[in-house]
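This report describes a single chain, moving from one side-chain pairing to the sheet and then to totals for the chain.

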Amino acid sequence: MIQPLGNRVVLEVAKEEEKTVGGLVLASAAQEKPQIATVVAVGSGLVLENGEKLTPEVAVGDKVLFEKYAGVEVKLDNKEYLVVKESDIIGKLA
């Protein structure tokens with residue numbers, strides 16, 4: 001597993017359906033990149049200039065919405081993850 005540093009968060013992105021309502025299979029290039037994910041690991045938090053550390057606002061298991069082109073894609077143990085800065089997370093889903 002990846003242990004993120006600082007204000008980084010590891011996300012497992014939700015898979016989108018590969019067919020249209022009419023049953024057509026879409027090529028992977030034609031699909032929209034999903035923006036909903038589950039948090040699988042959280043860094044220790046952002047360190048401010050005065051040395052104070054901000055506690056992350058997300059926790060493992062949270063479902064989140066993130067910026068469209070955020071992060072770095074990583075493949076580990078046949079699973080795909082996205083490593084983003086906490087500031088790239090727009091909000092939590094209830």
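How many salt bridges does the structure hold? In this predicted model, the structure holds one salt bridge, in which the side chains of D62 and K92 meet at 3.7 Å, N to O. The pair links distant parts of the chain, for D62 lies in the loop between β4 (53–54) and β5 (63–66), while K92 belongs to strand β8, 30 residues away. Side chains of opposite charge can pair when their charged atoms come close.

The chain contains eight strands and zero helices, and its pattern along the sequence reads β-β-β-β-β-β-β-β. Six strands build an open sheet with antiparallel pairing, arranged in the order β6-β7-β1-β2-β5-β8. At the edges stand β6 (72–76) and β8 (89–92), and because each has a single partner strand, one side of each is left without a neighbour in the sheet. On average, and with direction ignored, neighbouring strands of this sheet are turned by 45° against each other.

At the β6 edge, five bridges join β6 to the antiparallel strand β7, which covers residues 79–85; within this pairing, V74 has Y81 in β7 as its bridge partner.

The totals for the chain are as follows.

| Property | Value |
|---|---|
| Residues counted as buried, of the 94 residues of the chain | 23% |
| Contacts joining residues at least 24 apart, among those between residues at least 6 apart in sequence | 63% |
| Area exposed by the chain | about 6700 Å² |
| Part of the exposed area supplied by carbon and sulfur atoms | 53% |

Notes:
Residues numbered from 1 in each chain as written. Predicted model: local features only at pLDDT ≥ 70, side-chain atom pairs only at ≥ 80, totals over all residues. Heavy atoms only, no water. Pairing = 2+ DSSP bridges. Helix = DSSP H or I, 4+ residues; strand = E, 2+ residues; numbered from the N terminus. Axes fitted to C-alpha atoms, helices over the stretch in contact; angles between N-to-C directions. Salt bridge = Lys/Arg side-chain N within 4 Å of Asp/Glu carboxyl O. Buried < 20%, exposed > 50% of the residue type's maximum accessible area, 1.4 Å probe, protein only. Contact = heavy atoms within 4.5 Å. Areas by Shrake-Rupley, 256 points an atom, 1.4 Å probe, with all protein chains shown as cover.
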